[in-house]
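I pulled this one up to see what the coordinates say about its cysteines, its core and a few odd spots in the backbone. My notes are below, in the order I looked things up.

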Amino acid sequence: MIGNVGDRMRRALTAVASTAAASPLVWLTARRPSTFGKAIRARFVLYAVTLIAAWTPYLMLIWPGAMRDDTLAQYLQTAGLHRYYTQHPLFDTLIFGLFWRIGDVFGSPLIGEAVYTATQAVLLAAGAALMLCYVRKIGAPRWLRLLGLLYLATSYVVVGAVGTMGKDSLHTVFFLPFAVLFAEACLTRGRVLLRMPVAVTFVTVLFATVASKRTALMIALCSGVGLLAVCMRGRSRRRALVCLCLAIVLAQGVFAPLAAAATHANRSPSRELWGVVTQSVAQVAHDRPSAVSAAQRAALNGIMRLDQAALEINPHRTDETFHTLREDPRPSGEATLAALRAWAELGLAQPGEYLTAWAGPIRGWWDPRVNFAYPTDSDYLLRGGYLRQWATFLPEDAGVADGVGAAVAGVTESGLADEDTVEALRVARITRDLTPLMGTSRKPRWQRDLLDRIRRWIRDSNPFTAMALYVTWLPLLVGATLLAQTIAARGRRSVAHSGISGRSAALPTSRETPHDGMSRPAPSCRLAACGLLCWTVLSLYASPEALFWYPIPVFLSLPLFAALPFTVLPSVTDDERRLR
């Protein structure tokens with residue numbers, strides 16, 4: 001009797017110990033698939049407040065924020081120092097100009113920059129919180145949700161981007177909600193877009209996404225093909241097509257020409273993609289000039305200045321070579337085709353040179369040894385070579401005609417000045433014009449020392465600040481996992497169709513029901529949702545150089561795409577009945 005009691009007690013204690021040991025694992029792997037509304041009500045405020053609280057110390061260190069170089073060029077446009085032009089999206093330029101004007105009302109454009117930084121931080125926190133709520137909605141395990149929150153709250157590649165005033169961080173404000181809606185449209189095979197409020201929101205955020213970044217148009221078109229491919233035939237596919245077309249037409253066919261007309265903007269040709277051609281042929285002409293035949297040289301010179309490109313080639317970026325493209329007059333279609341044929345011929349004959357030309361500018365995207373650091377103020381744009389660059393934006397007689405350089409030595413009695421003196425006068429003029437933006441680096445000594453220590457820690461072979469980790473290797477892991485899931489699902493479906501599995505019906509094409517009883521979207525739907533990330537990454541590989549500003553949308557949206565392989569869904573019948 002006593003022995004039986006002892007055995008029962010030992011078994012009970014063993015069970016309690018096993019439960020206690022298993023409970024952390026059960027807690028970490030728990031899933032909470034639900035509707036989006038429930039997930040937002042349960043976690044949105046908590047996520048947003050957590051992110052803002054985590055970002056605030058760094059924002060206080062770099063206050064009022066840091067501009068990128070293109071942003072200062074946009075300031076010159078909004079301040080009337082240069083004509084508007086379309087090389088940088090007018091959508092972004094006008095938004096930045098609004099904040100600078102708000103700052104002018106209160107006495108300084110730096111106040112406007114501070115207001116912009118605070119506004120962007122709140123909007124990015126809201127977008128990231130929305131994304132995390134969606135990750136919860138699709139049933140990602142708790143450990144992945146916590147990891148995503150920790151990443152967004154503490155990762156330097158995210159936190160450092162929040163305080164930057166640039167077109168890439170502004171674009172991310174719209175890219176995050178669009179990525180969430182795009183993923184939901186793919187996972188529901190377009191059915192969610194049958195709800196009018198969702199369709200209107202989708203069109204709105206896609207419009208802003210395309211209008212705020214030039215490469216976003218191609219990304220939207222290519223990823224949109226994947227969305228249409230997984231949409232159910234009929235109303236769902238038609239609604240998805242209408243939403244995609246409407247947003248793109250509004251951005252490119254309505255807003256862009258109206259904004260250009262209203263601002264009298266000069267049209268800037270899009271030449272960046274041509275860098276793939278100009279960099280590779282310039283590499284061959286630089287290293288092996290004898291390999292370029294006379295006919296090939298003549299064809300290439302029809303669209304560019306090949307000798308100049310070979311002389312000025314920069315192995316780390318394509319700007320120097322694509323700037324040798326001829327613009328006035330523009331090459332004919334026949335000349336362009338002849339140049340492309342010559343480019344293809346040289347590539348077949350000199351593949352090693354082409355590989356060298358391409359690997360240099362994109363090294364930062366794939367090499368984990370290349371890391372970076374965000375700027376912590378804007379004064380780096382207001383000294384030295386940058387000032388001379390901004391001086392070229394001024395009219396030709398700036399600094400001479402307005403008397404800024406009256407006291408500058410070198411002005412002749414006739415009122416004319418030599419070339420060096422004219423440059424000095426123009427630099428003096430632009431320095432005066434940009435003075436309202438100066439002073440963001442004047443911080444207390446302890447603050448500067450702390451920022452210097454942070455910068456050294458970031459740049460000292462820190463693997464977590466390597467762009468390649470977030471641009472190539474993690475997306476590659478996610479894409480490979482989804483592709484493997486898709487192939488495996490098709491294999492199971494093929495077995496089911498052949499009757500080998502012993503089941504009478506094939507697996508459904510839009511959902512899977514694994515042994516755990518949870519419903520999962522078809523892997524092809526998840527793969528289509530990941531297409532947005534894939535095309536964004538591919539656009540980076542086509543960019544002129546591996547510049548850390550470009551992948552900011554990837555940095556912040558990575559938790560969403562990383563959750564796709566773990567997707568499950570709540571009650572299928574209830575959700576689908578409501579969507580229909």
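**Cysteines**

I started with C133, which counts as buried because its relative accessibility is 0%. Before going further I noted to myself that this is a predicted model. Next I checked C231: it is in no disulfide, and the nearest cysteine sulfur, that of C186, is 7.0 Å away. A disulfide would need the two sulfur atoms within 2.5 Å, so that pair does not qualify. C231 is also buried, with a relative accessible area of 1%. I then asked how many disulfides the count comes to. The count is 0.

**The whole protein**

I stepped back for some totals. The protein has 580 residues, and 49% of them count as buried. I get 25 helices and 4 strands for the secondary structure. The exposed surface is about 27,500 Å², with carbon and sulfur atoms supplying 64% of it. I also looked at contacts between residues at least 6 apart in sequence: 81% of these join residues at least 24 apart.

**Nonpolar cores**

In soluble globular proteins, nonpolar side chains tend to be buried together. So I went looking for the cores here. The largest nonpolar core has 127 residues, and L434 and F555 are the ones that touch the most other members. Which helix gives the most to this core? Helix 8, residues 167-187, does, with 14 residues.

I took F555 and listed its contacts, leaving out neighbours within four places in sequence. F555 is in contact with Y151, V157, V158, F372, Y374, M467, Y470, V471 and F548. There is also a second, separate core of 19 residues, and V281, A282, L300 and L346 are among them.

**A buried aspartate in helix 8**

Still on helix 8, I stopped at D168, which is found there. Is D168 buried or exposed? D168 counts as buried, because its relative accessibility is 0%. I wanted to know what its side chain meets, and found a polar contact of 2.6 Å with the side chain of K213. Not counting residues up to four places away in sequence, D168 touches R68, K213, W549, Y550, I552 and P553. K213 therefore turns up both as a polar partner and in the contact list of this buried aspartate.

**Q120 and S169**

The next residue along from my aspartate, S169, led me to helix 5, where Q120 sits. Q120 counts as buried, since its relative accessibility is 2%. Q120 and S169 are 49 residues apart along the chain, and their C-alpha atoms are separated by 8.2 Å. Their side chains are joined by a polar contact of 3.3 Å. I also wrote down what Q120 touches beyond four places in sequence: A161, V162, T164, S169, L170 and V173.

**Helix 2 and what follows**

I then followed helix 2, residues 36-62, which has a kink of about 50 degrees centred on R43. I listed its buried residues: A39, Y47, A48, L51, W55, Y58, L59, L61 and I62. What covers them? The cover includes helix 5 (109-137), helix 6 (142-154), helix 7 (156-162) and helix 21 (445-459).

Past the end of helix 2 I found the peptide bond from W63 to P64 to be cis, with omega near 10 degrees. P64 has its place in the loop between helix 2 and strand 1 (66-67).

**Backbone oddities**

Most residues other than glycine have a negative phi, and most peptide bonds are trans. With that in mind I noted two positive phi values.

- R189 has phi near 55 degrees. R189 lies in the loop between helix 8 and helix 9 (196-211). R189 is buried, because its relative accessible area of 18% is under the 20% cut-off.
- H264 also has phi near 55 degrees. H264 lies in the loop between helix 11 (235-263) and helix 12 (275-287). H264 counts as exposed, because its relative accessibility of 56% is over the 50% cut-off.

So of these two loop residues, R189 is buried, whereas H264 is exposed.

Terms used: Residues are numbered from 1 along each chain as its sequence is written. This is a predicted model: local features need pLDDT of at least 70, side-chain atom pairs count only at pLDDT 80 or more; totals for chains, interfaces and linings use all residues. Side-chain values use heavy atoms; hydrogens and water are left out. Helices (H or I, at least four residues) and strands (E, at least two) are DSSP runs, numbered from the N terminus. Buried means under 20% relative accessible area, exposed over 50%, partly exposed in between (1.4 Å probe, protein chains only). Contact means heavy atoms within 4.5 Å. Accessible areas come from the Shrake-Rupley method with a 1.4 Å probe; for residues, only the protein chains shown count as cover. A nonpolar core is a set of buried Ala, Val, Leu, Ile, Met, Phe, Trp, Tyr and Cys residues joined through side-chain atoms within 4.5 Å. A polar contact is a pair of N or O atoms within 3.5 Å; within protein, one must be able to donate a hydrogen and the other to accept it, and residues adjacent in sequence count only if both atoms are side-chain atoms. The bend at a residue is the angle between axes fitted to the seven residues ending there and the seven starting there.
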